[in-house]
Amino acid sequence: PPAPFQTPPPTPSASPSPSPTPTFSCPPGQVGFILTLTTDNYPRETRWVLKQGNRWSTATRIATTLYGSYTNWQTTYIETQCIEENEVFYFQILDKERDGICCDYGLGTYSLALNGQEPFHTGGVFGYKERTRFNAISSYNNMNTFIIEVETEPKGGNIDSASEDYDEEDSTSEDEEDSTGEDEEDSTSDDEEEES
């Protein structure tokens, strides 16, 4: 984990209360994907990727954030994206320091929802990453047609270290400001740079 803050932020006594799921309009043939993310005490360590396709390794990136995109600790961010209805998607959240977003350094959490419905997945306790596979349907009423698979890397683990699913999100990518790979460490963390 990074060096502690000079003045540690207060630790909430309970998880933040969930905000109402926002609604927004998408064109016909699409559904609204909603990510609600509450950061931990080190928000700059968090990033995520949303992909469309049947396999993670060949899926097309739809949306992504970079490390450093989130700057406020214990803050709730809501991200929305219109996605193709009845298609398979993957959402992957990553933590640069491999300690997830809950509960060692704050009470971070995230949830995934479609079309303003209740979340179909909530998470935060993982190591380096957690990946959720789901199909985009307009309503959860018929759960027989709803697929959800979650792959969580436990703290200290590696869900796909030697697998064919190794991808560009885990290595250097030309569109990332952070030029380090997953196994490289920066000489100073984002939080140490702020203290200077």
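**Reading side-chain contacts, strands and links**

Analyst: Let's start with one contact: the charged end of Lys51 sits over the ring of Trp56, 4.2 Å from the ring centre. This is a predicted model, where local features need pLDDT of at least 70 and side-chain atom pairs count only at pLDDT 80 or more, while totals for chains, interfaces and linings use all residues. Residues are numbered from 1 along each chain as its sequence is written, and side-chain values use heavy atoms, with hydrogens and water left out.

User: What places a charge over a ring?

Analyst: The NZ of Lys or CZ of Arg has to be within 6 Å of the ring centre and within 35 degrees of the ring normal. Besides the Lys51 case, Arg47 lies over the face of Tyr67, 5.7 Å from the centre of that ring.

User: How many aromatic pairs are there?

Analyst: Rings of Phe, Tyr and Trp (its six-membered ring) pair if their centres lie within 6.5 Å; planes under 30 degrees apart are stacked, over 60 edge-to-face, and the rest tilted. That rule gives nine aromatic pairs here. Trp56 turns up again in one of them: its ring centre is 5.8 Å from that of Tyr90 and the planes stand at 75°, so this pair is edge-to-face.

User: Where in the chain do Trp56 and Tyr90 lie?

Analyst: Strands (E, at least two residues) and helices (H or I, at least four) are DSSP runs numbered from the N terminus. Trp56 is in the loop between strand 2 (46-52) and strand 3 (60-64), and Tyr90 is in strand 5 (residues 88-95), so the pair links distant parts of the chain, 34 residues apart.

User: Is Trp56 buried or exposed?

Analyst: Buried means under 20% relative accessible area, exposed over 50%, and partly exposed in between (1.4 Å probe, protein chains only). Trp56 has 2% relative accessibility, so the residue counts as buried. Its partner Tyr90 is buried too, at 9%.

User: Which residues form an aromatic cluster?

Analyst: Phe33, Trp48, Phe89, Phe91, Tyr110, Phe120 and Phe134 form one. Phe33 also helps with reading the strands, since this residue stands opposite Leu114 in strand 8.

User: How many bridges join strand 1 to strand 8?

Analyst: Two strands pair if DSSP finds at least two bridges between them. Strand 1 (residues 30-38) and strand 8 (residues 109-114) are joined by six, and they run antiparallel. Both belong to an open sheet of four strands in the order 4-1-8-9, with antiparallel pairing. At its edges are strand 4 (76-84) and strand 9 (121-123), each pairing on one side only. Neighbouring strands in this sheet are turned by 15° against each other on average, direction ignored; axes are lines fitted to C-alpha atoms, for helices over the stretch in contact, and angles run from 0 to 180 degrees between N-to-C directions.

User: How many disulfides does the rule count?

Analyst: A disulfide is a pair of cysteine sulfur atoms within 2.5 Å, and the count here is two. Cys26 and Cys82 form one, with their sulfur atoms 2.1 Å apart. The torsion about that S-S bond is -90°, and the link is left-handed. Cys26 lies in the segment before strand 1 and Cys82 in strand 4, so the link ties together parts 56 residues apart in sequence. Cys26 is partly exposed at 22%, and Cys82 is partly exposed at 25%.

User: What is the handedness of the disulfide of Cys102 and Cys103?

Analyst: Their sulfur atoms are 1.8 Å apart, and the torsion about the S-S bond is about 70°, so this disulfide is right-handed. Cys102 counts as buried at 11%, whereas Cys103 is partly exposed at 43%. With the bonded cysteines numbered in sequence order, the pairing reads 1-2, 3-4.

User: How many salt bridges does the structure hold?

Analyst: Side chains of opposite charge can pair when their charged atoms come close. The rule asks for a side-chain nitrogen of Lys or Arg within 4 Å of a carboxyl oxygen of Asp or Glu, and the structure holds two such bridges. Glu151 pairs with Arg131, with the closest N and O atoms 3.6 Å apart. Glu151 is in strand 11 (residues 148-152) and Arg131 in strand 10 (residues 129-135), 20 residues apart. Glu151 is partly exposed at 33%, while Arg131 is buried at 3%. In the other bridge, Arg133 meets Glu149 at 3.4 Å, N to O. Arg133 is in strand 10 and Glu149 in strand 11, 16 residues apart. Arg133 is buried at 16%, and Glu149 is partly exposed at 45%.
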